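Trainee: Please show me the model, and then let us go through it.

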Amino acid sequence: MGYDADQNHEANLLDAKPQFLIAENFFTVFFLFEWIVRFGAFKFKRNCICDAWFVFDSLLLLMMIAETWVMTFLFGMSPGLTKAFGALRWFRLLRLTRLARIARLLRAVPQLMIMCKAIVISIKTVSYAFVLLILMVYVFGVAFTIMMDGSDERFNGVLIAMNTLLLFGALPDQVDVINELRLQSFGFYLLILLYLIISSLTLMNMLIGIITEVISAVSDLEKEEMLLQDVKEDLWSMLKSMNFVQDADDTISKLEFQGLLTAPKAAQVLGDVGVDAVGLVDFADYIFSDERPTLTFPDFMEIVLQLRGSNTASVKDIIDLRKIVLTQVRALEDVSLRILSRNTNAAGGNGQPSQNRNSAVSMFGSF
């Protein structure tokens with residue numbers, strides 16, 4: 001379409017160069033074939049009107065057929081219609097709607113689709129901001145018109161003053177282009193303003209916001225990594241100074257962990273990353289269990305950092321909590337069963353302890 005807009009200046013397709021005639025007929029046949037295939041794919045043909053894209057493409061196809069075949073046939077049969085309907089050249093602008101097919105390509109690039117959705121969602125807020133801008137331009141336009149009193153042609157009237165303030169205030173680099181188009185046609189003036197508002201003001205400011213957000217996220221990530229690295233180095237040096245470890249393969253026991261927490265500097269270092277050193281003492285039994293009496297330093301740091309107060313609970317954390325609760329419940333159940341068994345033996349089998357045993361098993365089994 002870009003090549004056609006640059007090189008094809010004929011209102012009638014029959015007067016155009018052969019390559020344009022061939023291209024127009026080729027694309028019309030291609031889209032007609034595509035439409036037939038898509039229409040045939042519907043099991044119930046009436047459902048085609050429920051597909052918005054199919055309806056839209058059908059309208060585009062009808063316009064292509066009307067322009068490429070119907071109008072060309074009419075102009076071929078009556079050459080005088082070309083001059084009589086020369087104004088129909090503006091009908092070719094409707095071909096721009098074919099560019100809407102590019103929206104399908106956005107599905108292949110989700111990031112572009114996200115940006116487009118963000119623009120659509122922000123239209124309401126941007127509209128309010130634009131209305132506020134127009135109101136400010138109007139107020140100052142009236143003020144400059146009254147104060148200048150015709151001494152400056154750029155403020156010789158409210159509308160002229162508003163145009164001057166809008167262009168020089170919001171779009172100073174495009175003043176010459178906008179004024180030239182305004183002298184040619186008011187429609188061109190509105191079109192160039194719409195383009196500049198969308199591209200220069202909306203998209204460029206969005207780009208600035210995206211870059212700022214990315215820089216902020218990367219900065220926070222780098223600061224976090226540097227802080228964690230400093231904490232690891234400080235704790236490692238403290239463990240070595242206490243002769244708890246000598247190299248990365250050495251392990252840390254529960255007693256060594258409790259000894260580390262008695263150092264004031266350790267509490268300060270852990271506090272820098274959001275770990276409560278006092279509360280960490282209560283988690284010693286969780287960090288070191290019978291199945292895991294010792295830990296290597298990397299494993300130790302990984303578990304400690306999972307206990308930061310700023311961490312968000314995940315599904316894995318809930319599952320781990322459920323496992324711990326079930327383990328404790330089963331342990332209590334075993335203890336209760338042993339106690340009930342001893343009571344049964346001591347009572348000589350009168351039946352009452354057995355009933356209590358069943359009640360306890362039922363209660364713990366509900367977990």
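**Helix H6 and the cores**

Mentor: Within H6, the buried residues (under 20% relative accessible area, 1.4 Å probe, protein chains only) are Ala161, Met162, Asn163, Thr164, Leu166 and Leu167. This is a predicted model, in which local features need pLDDT of at least 70, side-chain atom pairs count only at pLDDT 80 or more, and totals for chains, interfaces and linings use all residues. Residues are numbered from 1 along each chain as its sequence is written, and side-chain values use heavy atoms, leaving out hydrogens and water.

Trainee: Which helices do the buried residues of H6 pack against?

Mentor: Helices are DSSP runs of H or I with at least four residues, numbered from the N terminus. Contact means heavy atoms within 4.5 Å. The buried residues of H6 pack against helix H5 (110–148), helix H7 (175–184) and H8.

Trainee: How many residues has the largest nonpolar core?

Mentor: A nonpolar core is a set of buried Ala, Val, Leu, Ile, Met, Phe, Trp, Tyr and Cys residues joined through side-chain atoms within 4.5 Å. Among those with the most contacts inside the largest one are Leu235, Phe257 and Phe300. The number of residues in this largest core is 28.

Trainee: Why is cysteine 50 in no bond with cysteine 48?

Mentor: A disulfide is a pair of cysteine sulfur atoms within 2.5 Å, and the structure holds 0 of them. Cysteine 48 is buried, at 11% relative accessible area, whereas cysteine 50 is exposed (over 50%), at 66%. The sulfur of cysteine 50 is too far for a bond because the closest cysteine sulfur, in cysteine 48, lies at 8.0 Å.

Note on methods. Helix = DSSP H or I, 4+ residues; strand = E, 2+ residues; numbered from the N terminus.
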